[in-house]
Amino acid sequence: MIHSSHVTKSYKTSTRPALDDVSMDVDKGEFVFLIGPSGSGKSTLLRLLIREEVPTSGELSVEGNDLVAMRRSKIAAHRRKIGCVFQDFRLLKNKTVEQNVGFALEVIGQPRARIRETVPEVLEMVGLEGKANRLPHELSGGEQQRVAIARAFVNRPLLLLADEPTGNLDPETSADIMLLLERINRTGTTVVMATHDNTIVDSMRRRVIELQLGKIVRDEAKGVYGVGR
Ligand SMILES: Nc1ncnc2c1ncn2[C@@H]1O[C@H](COP(=O)(O)OP(=O)(O)OP(=O)(O)O)[C@@H](O)[C@H]1O
């Protein structure tokens with residue numbers, strides 16, 4: 001699913017590379033936690049995977065598509081295969097729950113009838129049935145994140161990237177969001193989640209990739225967050 005070989009990313013304005021010789025492979029259906037201190041390169045790796053940034057050197061591909069050589073004209077199709085969830089939800093403020101989720105299908109040209117059919121199914125899956133007509137500000141943080149997850153998942157992406165999705169949520173709500181991400185993972189979607197949340201990582205015992213100063217310092221199959229952190 002993801003193949004990274006000796007990937008280095010240097011931003012023009014930075015003295016050290018944000019990612020430094022990163023090699024790893026992620027198989028279809030895996031659930032991977034990306035951990036490491038602030039500035040270790042987690043978000044940079046996610047940005048490379050959605051082709052928002054390009055590696056300075058090395059090989060990087062998703063589903064066999066080479067992200068280094070990828071032409072501009074292919075980027076939109078690549079992003080369609082990936083759902084993204086962020087710490088700050090990033091919902092459209094003036095659109096209802098239903099419209100936020102439906103919009104993700106509208107922009108990729110799905111017919112109205114299909115949108116009308118699919119959106120309620122996905123809202124039910126994330127536990128938001130009955131909230132379709134609410135605006136984001138009428139929802140709790142956990143509910144807003146559920147909308148964001150519904151929007152990321154409605155197109156059934158092969159890969160879901162989550163950048164600190166529980167960063168703004170209390171522990172109980174975070175646990176609910178993790179149940180939802182696990183459920184999505186069980187449908188076959190590969191999940192890569194950057195997080196600082198040691199409780200979540202320790203309780204789930206999934207693969208843990210730890211970055212420090214842009215380098216992978218640990219890659220463990222059923223890892224924990226780390227001793228003494
Ligand atoms: N657009 C950019 N331009 C220049 N330097 C950047 C840019 N984005 C990130 N960096 C630098 O790259 C390094 C890695 O940053 P990145 O945001 O990937 O880390 P992170 O692990 O996601 O951190 P956090 O946990 O705080 O989100 C940092 O030193 C950061 O200052």
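This briefing walks through a sheet, the helices packed on it and the residues around a ligand. The model is predicted. Its open sheet has 6 strands with mixed pairing, ordered β6-β7-β8-β3-β9-β10. β6 (82–86) and β10 (215–220) sit at the edges with a single partner strand each, so one side of each has no neighbour in the sheet. From one strand to the next, the twist averages 15 degrees.

**Strand β7 and its partners**
- β7 (residues 159–163) runs parallel to β8 (residues 190–194), and the two share 5 bridges.
- Along that pairing, Leu161 faces Val192, and Asp163 stands opposite Ala194.
- With β6, β7 again pairs in parallel, through 5 bridges; here Leu160 is the bridge partner of Gly83.
- How much of β7 is buried? 5 of its 5 residues are.
- Leu159, Leu161 and Asp163 point one way from the strand, while Leu160 and Ala162 point the other way.

**Helices around the sheet**
- Helix α1 (residues 42–49) packs on the sheet and touches β3 (31–35), β7, β8 and β9 (207–212). Its direction is at about 150 degrees to that of β7.
- Helix α5 (residues 141–153) lies across β6 and β7, at about 165 degrees to β6.
- Helix α6 (residues 171–186) joins β7 and β8 in a right-handed β-α-β unit.

**Around the ligand**
- The surrounding residues are Tyr11, Thr13, Ser14, Ala18, Gly36, Ser38, Gly39, Ser40, Gly41, Lys42, Ser43 and Thr44.
- By type, that shell splits into 9 polar, 2 nonpolar and 1 charged.

Terms used. Residues are numbered from 1 along each chain as its sequence is written. This is a predicted model: local features need pLDDT of at least 70, side-chain atom pairs count only at pLDDT 80 or more; totals for chains, interfaces and linings use all residues. A residue is near a molecule or strand if its C-beta atom, placed from the backbone, lies within 6 Å of it. Ala, Val, Leu, Ile, Met, Phe, Trp, Tyr, Cys and Pro count as nonpolar, Asp, Glu, Lys and Arg as charged, and the others, Gly among them, as polar. Two strands pair if DSSP finds at least two bridges between them. Helices (H or I, at least four residues) and strands (E, at least two) are DSSP runs, numbered from the N terminus. Axes are lines fitted to C-alpha atoms, for helices over the stretch in contact, and angles run from 0 to 180 degrees between N-to-C directions. Two residues are in contact if their C-beta atoms, placed from the backbone, lie within 7 Å. A residue is buried if 20 or more other C-beta atoms lie within 10 Å of its own, exposed if 12 or fewer, and partly exposed in between; C-beta atoms are placed from the backbone. A crossover is right-handed if, with the strands pointing away from the viewer, the path from the first strand over the helix to the second runs clockwise.
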